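Hi there,

Here is the structure I promised to pass on to you. Have a look at it first, and then read on for my notes.

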Amino acid sequence: MVQSLLKLLPEQEQLSVLSELKDEYEDLAESEQFGVVISSVKKLKPRLSAILFQLQFEEQVNNVKPDVVAVTAACEELVQSENFSQLLQIILLVGNFMNAGSRNAKAFGFSISYLCKLRDTKSADQKQTLLHFLADVCQESYPNVMHFPDELIHLEKASRVSAETLQKNLDQMGKQIKSLEKDIETFPPPQSENDKFVEKMTSFVATAREQFEKLELMHNNMQKQYEDLGKYFVFDPKKITPEELFSDLNNFRNMFQQAVIENQKRKESEEKMRKAKLAREKAEKEKEERQKKMNTGQININDDGDETGIMDDLLEALQSGAAFRRKRGPRQAANRRGAGHAVTNILAKELLQENSSPSSGAKKSRLNSEAKKAEPVEDTGSLEDLLDVTSSRSN
C-alpha cells in the first residue's frame, strides 16, 4: 500500500490546489476527498519514504548478511582445507609430468580457471578424461583427498553472490539511513498528539544505524579475506571477482564428484563383463568336454562317483543321434566272424552229403539248427547292431 501511495502520489502543486477545496469537501468525488485529506499532512512524501524503508529494512538485511557470511566462510574454507591443497599439488605434478620436455614443463603453479578444463583432456580411446584419471589416483593412493568437497560447503552459496550487487545494496542502505537521520533533524513539530512519526523514527533509525555498521564491518572483513585468498592462490582480486572464482571452484567440485561416480559405474560394468566372459568361457569349455565324451561313448561321471549331469548327457546324446552311432568293440567283431565261419562249414558239409540227405526240408531244418548252435549269444550295443544281426541271420 505504501509503495502504491508513493507511486501514485500527486505532485505538491496539485496537493496545494486540493487543500484549497476543503470547504467544498462534501461536494467532491471520493478520490478528490482523499486528496484533500492527505494534502493536510506535512512532508507527506518523506514520511511515506521513511515508513517504506522501515518496513523493508529487515528484508534488506536478510538479503545482504547471508551473502557476506557465505563469501567470508568460503574464503576461510579454501585456505584451511589441506585436502584441497594436496589435490592442487597432485594436479600440478601430473601437469608437469605430461608437459615434460615442453616450454610449460617445471611450472610452479597454474590458474584456478584451469581446473574446469581438466575434463577437456581425454585419453587415446576417448573413454576417460584427465579428471577421471585424477579421481582414480586420489581414490587409490590419496583417500583423504576425496573428502575435500565436504570441507568446502559454502562454495555453492558463494558462487551465487555478486560483489557488485552486494556493494550497491550496502551503499543504498547507508544513503537511506543518512537521509532519514537528516529528515528527523529538520522535521516540523508534531501536528497533534497522535503524530508519533518523529518519536518512532528516531528509535528505528538508531537500531538501523547499529545493524548497518555491523554489516559494513562484516563486508570489510569479507573483502580482506578475499584479498588474502588472492595472495594465497596468487591471483589479482581486482581482475577476478568472487562470483567468477567461486563459480569455477564449485563447478570443479561438482565435476570431480561426478567423475568419481562415473569411475565407479565403469568399474562395476567392467567387472560384470569380466564375470560374464569367464562364465561364457567356462560354459563353452564344459560343452566341448561333454561333446568329446559323447563322441567317444563315455558318460560324464565325476571322480567321486557322482553321476551328476548323466541325464543331461543322455538327453543331448539322443537329440544329436550319438546314441545310435556306438562303435562295435573288438570282441563283438570277433564273435561275428566266428559265427560266419561256423555257418560256412555247415553249408559245405551239407553240400558234400547232399545225396544221402532224406529231403531238402530236412536239410534246411538241420542247417538252421546247426547255424543257431554255432552262433554265440552276443550283447548288441545299439540299434544298428541289432539290424546287422538280423540281416546276417536272414542271409
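Below is what I found, starting with the whole protein and then moving to one helix and its two partners.

Please keep in mind that this is a predicted model. The protein has 15 helices and 0 strands. Of its 395 residues, 28% are buried. If you take the contacts between residues at least 6 apart in sequence, 71% of them join residues at least 24 apart.

The helix I would like to show you is helix 6, which covers residues 130-141. Two packed helices are described by the angle between their axes and the distance between the axes, so that is how I will go through its partners.

The first partner to look at is helix 5, residues 82-98. Its axis lies 11 Å from that of helix 6, and the two pack at an angle of about 125°. This makes helix 5 oblique to helix 6, because the angle falls outside the 65 to 115 degrees of a roughly perpendicular pair and is not over 145. The crossing is right-handed. On the helix 5 side, the contact is made by L87, I90, I91, V94 and M98, while helix 6 brings L130, F133, L134 and C138. By class, the residues of this contact are 9 nonpolar, with no polar and no charged ones.

The other partner is helix 11, residues 242-295. Here the axes come within 9 Å and cross at roughly 75°, and the two helices are therefore roughly perpendicular to each other. Helix 6 contributes L131, H132, A135, D136, C138, Q139 and E140 to this contact. From helix 11 come F252, M255, F256, A259, V260, E262, N263, R266 and K267. This contact has 8 nonpolar, 3 polar and 5 charged residues.

One residue deserves a closer look in your viewer. Is D136 of helix 6 buried or exposed? D136 is buried, because its relative accessible area is 12% and buried means under 20%. What does its side chain make polar contacts with? One polar contact is with the side chain of R266, at 3.1 Å, and another is with the side chain of K267, at 3.3 Å. Setting aside neighbours within four places in sequence, D136 is in contact with Q128, N263, R266 and K267. Of these, N263, R266 and K267 belong to the helix 11 side of the contact described above.

Happy browsing, and best wishes!

Notes
Residues are numbered from 1 along each chain as its sequence is written. This is a predicted model: local features need pLDDT of at least 70, side-chain atom pairs count only at pLDDT 80 or more; totals for chains, interfaces and linings use all residues. Side-chain values use heavy atoms; hydrogens and water are left out. Axes are lines fitted to C-alpha atoms, for helices over the stretch in contact, and angles run from 0 to 180 degrees between N-to-C directions. Helices (H or I, at least four residues) and strands (E, at least two) are DSSP runs, numbered from the N terminus. Angles under 35 degrees count as roughly parallel, over 145 as roughly antiparallel, 65 to 115 as roughly perpendicular and the rest as oblique. A crossing is left-handed if the near helix is turned anticlockwise from the far one by less than a right angle, and right-handed if clockwise. Contact means heavy atoms within 4.5 Å. Ala, Val, Leu, Ile, Met, Phe, Trp, Tyr, Cys and Pro count as nonpolar, Asp, Glu, Lys and Arg as charged, and the others, Gly among them, as polar. Buried means under 20% relative accessible area, exposed over 50%, partly exposed in between (1.4 Å probe, protein chains only). A polar contact is a pair of N or O atoms within 3.5 Å; within protein, one must be able to donate a hydrogen and the other to accept it, and residues adjacent in sequence count only if both atoms are side-chain atoms.
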